[in-house]
Amino acid sequence: MLIGKPAAIPSSEITPKATYVNRREFLAGAGMAGAAVATGFAFRDLAVPAVTVSANARIDGLQKSSFSTTEKETPYKDVTNYNNFYEFSTDKYEPAEAAKNFKTRPWTVTIEGDVKKKQVLDVDAIMKMAAPEERIYRHRCVEGWSIVVPWVGFSLSELIKRADPLPKAKFVEFTSLYDPKQMPGQRTGVLRWPYVEGLRMDEAMHPLALLCFGLYGEVLPNQNGAPLRIVLPWKYGFKSAKSIVRIRFTGDQPTNTWQEAAPREYGFYSNVNPNVDHPRWSQAKERRLGEFLKRPTLMFNGYDQVASLYAGMDLKKNF
Amino acid sequence: MKVRFTKIAVFAAALIPLGRLAWKALHDGLGANPIEVITHSTGDWTLILVLVTLSITPLRRMTRQYWLIGIRRMIGLFAFFYGTLHFLTYIWLDKFFDIHEMLKDVAKRPFITVGVSAFVLMIPLALSSTAWSIRRLGGKNWQRLHRLIYVTGILGVVHYAWLVKADRRKPIEYGIVLGILLLYRLAVWMGSKFMERRASFPAAPLGT
Ligand code: HEM
């Protein structure tokens with residue numbers, strides 16, 4: 001059969017053996033770290049960087065979210081083997097392998113610009129800022145395919161509130177890691193590096209905007225934007241910046257990487273919109289991975305609750 | 001004998017890409033987006049085989065292996081074969097016979113328009129590939145008609161360059177190969193014009 005409907009097997013069953021071995025190693029490491037944490041916070045700073053946070057480590061205590069869709073989740077295998085992550089490769093089948101040895105610890109995120117609390121945060125500290133939720137979102141790529149992913153994280157607003165932006169901060173800019181040694185795609189001039197994305201402040205504060213560090217109940221695999229990314233389900237996938245190292249608050253609208261690469265084709269907003277075609281292809285329909293026939297694309301990818309953010313705006317102009 | 005053996009080998013080799021696709025399809029090996037993989041693979045092989053067809057003539061002249069002409073038609077027909085598969089993938093797997101969508105695509109999407117033109121231009125070439133056609137058309141006309149393959153090559157490269165999002169490396173590689181093949185033709189053509197000139201004024205000494 002040509003297009004096999006993938007069976008709904010739990011992710012654990014399709015996890016390659018090698019990662020199980022990793023997982024055991026991790027658990028051993030986590031056990032030690034756990035002991036260190038238990039013996040007092042004084043040890044925390046020593047213990048945390050010592051842990052190798054390998055992919056497939058489970059994230060416990062996930063809360064359910066009312067934002068989750070009940071649609072069938074795209075199998076783990078496809079979510080983690082079909083990735084647009086140009087830092088590693090422009091071929092969607094390659095990041096899984098190319099990012100295998102990507103180092104996600106130690107990892108810090110610099111909060112800067114128009115905020116009261118400029119600071120450098122450790123990613124592990126960020127992950128503990130709020131209770132992790134599982135959010136099953138539709139994810140629509142600008143190329144015309146879509147997936148349903150059980151992401152793990154919490155609202156981006158949790159972080160922004162803690163950073164305490166100044167009134168003049170009207171936009172948030174996200175910068176991804178620049179490290180050509182680890183990211184082979186950055187040794188090419190395909191895009192300008194580092195990758196930059198941006199949101200208007202009210203978009204960033206919308207509860208749907210997710211600060212994400214996991215999927216399928218596990219730590220984010222490298223090829224999916226580890227260790228920390230954002231997920232904006234009402235926008236085309238490229239807006240959801242991956243492997244973030246800097247969050248800058250600013251009064252001026254940032255120029256995102258794809259807009260810079262092709263301003264006629266990719267705008268700042270890039271909301272999913274079936275009525276505004278990409279200049280070179282239609283956006284009216286999409287192929288949900290695993291399905292044969294294309295399905296109609298929904299306005300804001302079906303997340304109507306964001307519509308008020310764009311009231312009165314001409315979305316043909318502000319594409 | 002050599003031609004016959006080579007023909008069998010080329011025939012088998014030209015079926016490898018299709019065989020690989022079929023094998024992967026049967027073994028759940030086409031990845032997360034099978035239709036995309038099939039579209040890209042058949043598109044790639046159409047263009048590669050167009051370029052291989054175009055390189056037979058330079059190759060046989062340079063290596064003086066004149067028998068190579070015996071396999072050119074087959075390779076050209078395989079280019080058409082993969083082009084047809086590519087086209088069928090589009091109308092069947094991709095658009096699922098949605099005529100309205102397809103017409104909109106052809107009218108509005110330059111990369112589709114160009115791809116379709118490249119394919120349409122291959123049809124008369126495939127149809128007139130028989131010995132009977134060559135005789136009917138006469139060698140000169142047949143040759144003229146078959147120069148359309150250059151146009152298909154150029155349109156194929158443009159089609160590819162136009163559909164990629166940002167990574168133009170592959171279409172550029174194909175473009176360079178095509179450019180070299182076209183320059184070779186141009187050089188040969190200018191050389192022959194020069195010879196013709198020389199031939200038509202045999203007695204005129206230079207410099208008088
Ligand atoms: C019959 C008309 C044609 C149609 C409707 C068509 C359509 C398409 C489509 C939809 C794609 C994929 C675009 C994407 O993924 O964004 C594609 C890719 C491609 N097509 Fe065509 N095409 C046609 C003819 C041709 C011809 C005649 C050639 C070669 C001479 C060709 C070469 C290619 C190549 C090289 C690719 C890219 C493959 C890759 O990305 O690896 N196409 N075509």
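**Figure 1. Two cysteines of chain A that stay apart.** In this predicted model, the sulfur of Cys212(A) has its closest cysteine sulfur in Cys141(A), 17 Å away, which is too far for a bond. The view from the other end gives the matching result: for Cys141(A), the closest cysteine sulfur sits in Cys212(A), again at 17 Å and again too far for a bond. A disulfide would need the two sulfur atoms within 2.5 Å. Both side chains are tucked away, though: Cys212(A) is buried at 0% relative accessible area, and Cys141(A) is buried at 7%. Taken over all chains, the disulfide count is 0.

**Figure 2. Chain A as a whole, for orientation.** Before zooming in further, here is the layout: chain A carries 9 helices and 13 strands. Out of its 319 residues, 55% count as buried. Take the contacts in chain A with a separation of 6 or more, and 72% of them are between residues 24 or more positions apart.

**Figure 3. Inside the largest nonpolar core.** This core has 85 residues, and the members touching the most others are Leu156(A), Trp234(A) and Phe249(A). Strand 5 of chain A (residues 145-155) gives the largest share, 6 residues. As a general backdrop, nonpolar side chains tend to be buried together in soluble globular proteins. Zoom in on Leu156(A) and, once neighbours within four places in sequence are set aside, its contacts are Phe174(A), Leu199(A), Ala204(A), Ala209(A), Leu210(A), Leu211(A) and Ile230(A). There is also a second, separate core, this one of 26 residues, with Phe78(B), Ile149(B), Tyr150(B) and Val157(B) among its members.

**Figure 4. His139(A) and its surroundings.** His139(A) belongs to strand 4 of chain A, which covers residues 133-140. With 9% relative accessibility, His139(A) counts as buried. What does His139(A) contact, leaving aside neighbours within four places in sequence? The partners are Trp145(A), Ser146(A), Ile147(A), Trp151(A), Arg229(A), Gly237(A), Ser240(A) and Asn301(A).

**Figure 5. Buried salt bridges in chain A.** Over all chains the count comes to 36 salt bridges, and this close-up picks out two of them. One joins Glu133(A) to Arg135(A), with N and O 2.9 Å apart. Both of these residues, Glu133(A) and Arg135(A), are buried. The other pairs Lys239(A) with Glu197(A), at 2.7 Å from N to O. Lys239(A) is in the loop between strand 10 (229-231) and strand 11 (244-250) of chain A, while Glu197(A) is in strand 7 (residues 196-200), so this bridge ties together parts that are 42 residues apart in sequence. Neither end is out in the open: Lys239(A) is buried at 1% relative accessible area, and Glu197(A) is buried at 0%.

**Figure 6. Where chain A meets chain B.** The contact draws on 32 residues from chain A and 30 from chain B. Interface size is often given as the accessible area lost when the parts come together. For chain A and chain B, that buried area is about 2,500 Å², with 53% of it on carbon and sulfur atoms. How many salt bridges cross this interface? The rule finds 8 between chain A and chain B. One of them links Glu36(B) to Lys92(A), with the closest N and O atoms 3.1 Å apart. Counting polar contacts between the two chains gives 13 residue pairs, both residues being at pLDDT 80 or more. On the side of chain A that touches chain B, helix 4 (76-79) and strand 12 (285-288) each supply at least two residues.

**Figure 7. A cross-chain bridge, and a charged network in chain A.** Here the side chains of Asp94(B) and Lys294(A) form a salt bridge at 3.2 Å, N to O. The pair runs from helix 4 of chain B (residues 69-94), home of Asp94(B), to the loop between strand 12 and strand 13 (295-296) of chain A, where Lys294(A) sits. Lys294(A) counts as partly exposed, at 28% relative accessibility. Also shown is a set of residues that salt bridges with shared partners join into one network: Glu71(A), Arg138(A), Arg140(A), Glu286(A), Arg288(A), Glu291(A) and Arg295(A).

Key. Residues are numbered from 1 along each chain as its sequence is written. Chains are lettered from A and ligands numbered from 1 in the order in which they are written. This is a predicted model: local features need pLDDT of at least 70, side-chain atom pairs count only at pLDDT 80 or more; totals for chains, interfaces and linings use all residues. Side-chain values use heavy atoms; hydrogens and water are left out. A nonpolar core is a set of buried Ala, Val, Leu, Ile, Met, Phe, Trp, Tyr and Cys residues joined through side-chain atoms within 4.5 Å. Buried means under 20% relative accessible area, exposed over 50%, partly exposed in between (1.4 Å probe, protein chains only). Helices (H or I, at least four residues) and strands (E, at least two) are DSSP runs, numbered from the N terminus. Contact means heavy atoms within 4.5 Å. Buried area is the accessible area (1.4 Å probe) that two parts lose on being put together, summed over both. A salt bridge is a side-chain nitrogen of Lys or Arg within 4 Å of a carboxyl oxygen of Asp or Glu. A polar contact is a pair of N or O atoms within 3.5 Å; within protein, one must be able to donate a hydrogen and the other to accept it, and residues adjacent in sequence count only if both atoms are side-chain atoms.
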